[in-house]
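Please take a moment to look over the sequence and the model, and keep both in view while you read. The paragraphs below lead from one part of the fold to the next.

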Amino acid sequence: MSFGEPEGYDERARARPLLGRVRGRTAAVAACLVLGLGLIGGAATGSWLVGDDGGEGAQGTFVAARGLWHSVPVDQLFPPTLQGLGAGPGGADRTWTRIAVAPDSGCKGAFDPLLSKALAPVGCQRLLRASYTDATESFVTTVGLLFTEADAPAMTALAKQFRSESLGNRTDLMPRPYAAKDTPAARFGPQQRASWTVSVLTDAPVVVYAVSGWADGRTVDAPQPAAQAMQSGATTAPAQAGLGNEAQGIADRIERALRKDVTSPPTERPS
């Protein structure tokens with residue numbers, strides 16, 4: 001696997017055919033070899049995509065994912081535009097535009113104290129964040145990739161804790177937004193958080209999260225986790241506005257982009 005040169009970025013994100021013919025048994029052996037290698041490669045990629053334990057292959061992708069924060073361009077980690085086909089309420093389509101990228105950093109001051117404490121067991125290698133807005137610029141969403149220092153068992157333990165204790169549903173464990181100046185997210189502060197999602201990956205040392213709110217700076221008295229806001233019949237303000245869909249839809253697509261980055265062949269990497 002080959003990556004581009006390591007790089008950080010600021011908040012503006014400036015960052016021959018084979019010849020000859022083989023006959024008889026030689027051709028048969030070559031065909032079997034190619035087929036076998038293809039099946040092995042497909043199995044390895046499938047293991048990453050669905051989170052299966054692929055032994056040494058899974059460990060290799062886990063290690064490879066650890067360095068993506070500095071080896072993959074920002075436009076691959078946080079695409080300038082995200083297409084959310086069927087991602088809105090009632091299966092409506094969504095289009096999100098990136099409006100800001102935070103300088104890559106550590107985690108000091110990036111989370112509320114209780115969330116920092118909950119994430120402490122896996123450590124913090126690097127934190128990447130970006131903010132997006134919808135096509136109407138009515139909503140803003142900050143999405144984050146926390147690259148941890150943990151090994152696979154530690155990530156699995158944290159994911160289990162988040163599930164068993166419903167940590168992802170606690171309002172005192174909401175992620176903080178990135179309020180970039182001179183953007184629709186300029187007034188997106190802690191009091192404007194409306195819906196959120198936190199996903200602890202077990203096949204990569206990464207925590208993916210997103211938090212959404214209104215772009216007009218209105219205060220939200222009763223924020224609601226995305227999983228609940230997206231349920232049929234939910235009547236809270238975040239649910240009615242589709243802010244759960246905003247947070248979950250963007251988080252899902254950034255997670256998919258991350259998985260694609262670690263499985264892409266070297267030839268697809270920028271030089």
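What follows is a walk through a predicted model, beginning with the sheet and going on to the helices, the cores, the disulfide and some individual loop residues.

A good place to begin is the sheet, which is open and is formed by seven strands in the order E1-E2-E3-E4-E6-E5-E7, with mixed pairing. At its edges stand strand E1 (81-84) and strand E7 (224-225), and because each of them has a single partner strand, one side of each is left without a neighbour in the sheet.

Moving inward, you can follow strand E3, which covers residues 126-134, and strand E4, which covers residues 139-147, as they pair in the antiparallel sense over eight bridges. To find one of these bridges in the model, look for Arg129, whose bridge partner in E4 is Gly144. On the sheet packs helix H6 (residues 152-164), which touches strand E5 (195-200) and strand E6 (206-214), and the direction of H6 makes about 145° with that of E5.

Strand E4 also pairs with strand E6, again in the antiparallel sense, and here the pairing runs over nine bridges; as one example, Val140 has Gly213 as its bridge partner in E6. Strand E6 is paired with E5 as well, in the antiparallel sense over six bridges, and within this pairing the bridge partner of Trp196 in E6 is Val211. If you trace the chain from E5 to E6, you will see that the two form a hairpin with five residues between them. How enclosed is E6 by the rest of the structure? Nine of its nine residues are buried, so E6 is largely enclosed by the rest of the structure.

From the strands we can turn to helix H9, made up of residues 243-263. At 1.5 Å a residue, its 21 residues should span 30 Å, and the end C-alpha atoms are 31 Å apart, which agrees with that expectation. Of the 21 residues of H9, 17 are buried, so this helix, too, is largely enclosed by the rest of the structure.

The buried parts of the model lead on to its nonpolar cores. In soluble globular proteins, nonpolar side chains tend to be buried together. In this model the largest nonpolar core has 30 residues, and those with the most contacts inside it are Phe78, Tyr132, Val143, Leu145, Phe147, Val206 and Ile254. Two or more residues are given to this core by each of several elements, namely helix H2 (56-66), helix H3 (68-71), helix H4 (74-77), E2, E3, E4, E6 and H9. Which element gives the largest share of this core? That share, six residues, comes from H9. Apart from this core lies another, of 27 residues, including Phe111, Leu127, Met155 and Ala215.

Next, consider the cysteines, since the structure holds one disulfide. This disulfide joins Cys107 to Cys124, with a distance of 2.1 Å from S to S, and with 80° about the S-S bond the link is right-handed. The pair connects distant parts of the chain, for Cys107 is in the loop between strand E2 (94-101) and helix H5 (113-119), while Cys124 is in the loop between H5 and E3, and the two cysteines are 17 residues apart. With a relative accessible area of 17%, Cys107 is buried, whereas Cys124, at 24%, is partly exposed.

The loop between E2 and H5 also contains Pro103, which is partly exposed with a relative accessible area of 40%. Although Pro103 and Ala130 are 27 residues apart in sequence, their C-alpha atoms are 9.1 Å apart in space.

Finally, the loop between H6 and E5 repays a close look at its backbone angles. Most residues other than glycine have a negative phi. In this loop lies Ser166, which has a positive phi of about 50° although it is not a glycine, and which is partly exposed, with a relative accessible area of 35%. Asp182 lies in the loop between H6 and E5 as well, and its phi is near 60°, a positive value in a residue other than glycine. Is Asp182 buried or exposed? At 81% relative accessibility, Asp182 counts as exposed, because the cut-off for that term is over 50%.

Conventions
Residues are numbered from 1 along each chain as its sequence is written. This is a predicted model: local features need pLDDT of at least 70, side-chain atom pairs count only at pLDDT 80 or more; totals for chains, interfaces and linings use all residues. Side-chain values use heavy atoms; hydrogens and water are left out. Two strands pair if DSSP finds at least two bridges between them. Helices (H or I, at least four residues) and strands (E, at least two) are DSSP runs, numbered from the N terminus. Contact means heavy atoms within 4.5 Å. Axes are lines fitted to C-alpha atoms, for helices over the stretch in contact, and angles run from 0 to 180 degrees between N-to-C directions. A disulfide is a pair of cysteine sulfur atoms within 2.5 Å. Buried means under 20% relative accessible area, exposed over 50%, partly exposed in between (1.4 Å probe, protein chains only). The expected span of a helix is 1.5 Å times one less than its number of residues. A nonpolar core is a set of buried Ala, Val, Leu, Ile, Met, Phe, Trp, Tyr and Cys residues joined through side-chain atoms within 4.5 Å.
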